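Biologist: Hi, could you pull up the model so we can go through it together? I have a few quick questions.
Modeller: Sure, here it comes.
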Amino acid sequence: MTDRKDNRSASTRYDQSVGLQSLDVYDLRCFVAVATTLNFTQAARDLHVSAPPLSRRIRDMERLLDVKLFVRDTRRVTLTAEGARLLPAARRILAQFDELPSIVSPEPATSTRPIAYGVPPWLHPDLRAALADLEKVHAGSFTLRKWPRGSAEIISALQRGDIAFGLARPPFDSVGLVRTVVHEEPLGAVLSKARYGTRSSISTSELANLNYVTARRDTDTEYRRQVDHALESAGVPRRENVDPGDYVGAADVISVGDGFAIAPLSPVSGGRMYNLADDICIPINDLDLTLVTCLVWQASLAEDDQEIRDIVDSAVALLRRPPTPQRTDSA
């Protein structure tokens, strides 16, 4: 009996080993994209594929691994315990795979110092352009690498010394840190173009009659709580009726005139995820909401690491430069 059990166990391990050979790096990229967004539609957009083949690929992964990676129903997508365990390993494997070109490159190894810096989601294009210029300015001596995370994680990493500097959105714990505001974006209400297309602004009393909808990844969690509190204080109840990360569902509620969302007024902002053809974004005339982005670094940086302090000084100059004028139709 024992021998038969051992044989079955060995056979199972062999079958799984053979099955794993069918997995490839792109499977892991698909898994990480879905696990990061918890939304198949958004993940498909990020990967530039359609949702059905992405869903089939995830199901094939689950079959080959013989586990459920996600719990899926008509309202939400969540990671299983097995999926949560796989996520950090998948990210490590992808990071190592992406380093292969530099490992095998025939070019001589450079002596540039690697420096990681934190970047929160939905950065304005002007800030992204400034960071690209910052990397170019210091390319001869340093390799600056983005560390994309939410503000809370960026602040914690700064306090631990895991990253050199970062962009973050208040409120946050600034113990031992220095911060300077580098960008401010006024926010407005995203509304149905068919119903509000002729309006130049809207009041909180009018918004109180609509559903406030949001995909929670549109800005950092702490700032989103601040926005929610401001709306509630102004008499606008929070009435969610879409799932976290479901941008399409939120846009549908808005487009038919049943709800509104909060987003930067600028149409070129990195935070405009609801900017579909059938919506508009207009100011709230009796509520001032602004998305503030700060550059943050350790207070002791000048004494501890003058090289990084020099990079921070140039980052301040670049991130604070005047915005690039937008082209007009007559230009």
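Biologist: Let's start with α8: which of its residues are buried?
Modeller: In α8, which covers residues 151-160, the buried ones are Ser151, Ile154, Ile155, Ala157 and Leu158. Bear in mind that this is a predicted model.
Biologist: And why do the buried residues of α8 line one face of the helix?
Modeller: Look down the axis of α8: the buried residues fall within an arc of 165°, so they line one face. As a rule, an α-helix has 3.6 residues a turn, so residues three or four places apart point the same way.
Biologist: What sits on the face turned away from the buried side of α8?
Modeller: That face carries Ala152 and Arg160, and they are exposed.
Biologist: Which strands do the buried residues of α8 pack against?
Modeller: They pack against β3 (113-119), β4 (142-148), β5, β6 and β10. Just after the helix comes Gly161, with a positive phi of about 85°.
Biologist: Okay, β10 then. How many of its residues are buried?
Modeller: Seven of the nine, so to speak of β10 (residues 290-298) as mostly covered is fair.
Biologist: And which strands does β10 pair with?
Modeller: One is β5, residues 165-168, which pairs with β10 in the antiparallel sense over four bridges. Another is β6, residues 177-192, which also runs antiparallel to β10 and is joined to it by nine bridges.
Biologist: Which residues of β10 should I look at to see that pairing?
Modeller: Try Cys294, which has Ala168 standing opposite, and Leu295, which has Thr180 opposite.
Biologist: Which way do the residues of β5 point?
Modeller: Phe165 and Leu167 point one way, while Gly166 and Ala168 point the other way. All four are buried.
Biologist: How does β5 run relative to β3, parallel or antiparallel?
Modeller: Parallel, with two bridges joining β3 and β5. Tyr117 stands opposite Phe165 there.
Biologist: Switching to the cores. What is in the largest nonpolar one?
Modeller: It has 24 residues, and those with the most contacts inside it are Ile115, Leu131, Leu134, Phe165, Leu295, Val312 and Leu319. At least two residues each come from β3, α7 (125-137), β4, β5, β10 and α14 (306-319). The largest share is that of α14, with seven residues.
Biologist: What about a second core?
Modeller: There is a separate one of 21 residues, and Leu187, Ala189, Ile202 and Leu287 are among them. In general, nonpolar side chains tend to be buried together in soluble globular proteins.
Biologist: Back to Leu131 for a moment, what does it touch?
Modeller: Leaving out residues up to four places away in sequence, Leu131 touches Tyr117, Val119, Leu123, Leu167 and Leu319.
Biologist: Where does Arg320 sit, and what is it in contact with?
Modeller: Arg320 is in the segment after α14. Neighbours within four places in sequence aside, Arg320 is in contact with Thr180, Val181 and Val182. The C-alpha atoms of Arg320 and Val181 are separated by 8.4 Å, though these residues are 139 apart along the chain.
Biologist: Why do you class Arg320 as partly exposed?
Modeller: Because its relative accessible area is 48%, and the partly exposed class lies between 20% and 50%.
Biologist: And Val268, where is that?
Modeller: Val268 lies in the loop between β8 (259-264) and β9 (279-282). Val268 is partly exposed too, with a relative accessible area of 31%. Its C-alpha atom is 7.5 Å from that of His124, a residue 144 places away along the chain.
Biologist: One more helix, α4. What span should its 15 residues have?
Modeller: At 1.5 Å a residue, α4 (residues 51-65) should span 21 Å, and its end C-alpha atoms are 21 Å apart, which agrees. Its buried residues are Leu54, Ser55, Ile58, Met61, Glu62 and Leu64. Just after α4, Asp66 takes a positive phi of about 60°.
Biologist: Last one, what are the overall numbers for the protein?
Modeller: The protein has 14 helices and ten strands, and 42% of its 331 residues are buried. Of the contacts between residues at least 6 apart in sequence, 75% join residues at least 24 apart. The accessible surface comes to about 17,900 Å², and carbon and sulfur atoms account for 52% of that.

Notes: Residues numbered from 1 in each chain as written. Predicted model: local features only at pLDDT ≥ 70, side-chain atom pairs only at ≥ 80, totals over all residues. Heavy atoms only, no water. Buried < 20%, exposed > 50% of the residue type's maximum accessible area, 1.4 Å probe, protein only. Contact = heavy atoms within 4.5 Å. Areas by Shrake-Rupley, 256 points an atom, 1.4 Å probe, with all protein chains shown as cover. Pairing = 2+ DSSP bridges. Arc of directions from axis to C-beta. Expected span 1.5 Å × (residues − 1). Core = buried A, V, L, I, M, F, W, Y, C linked by side-chain atoms within 4.5 Å.
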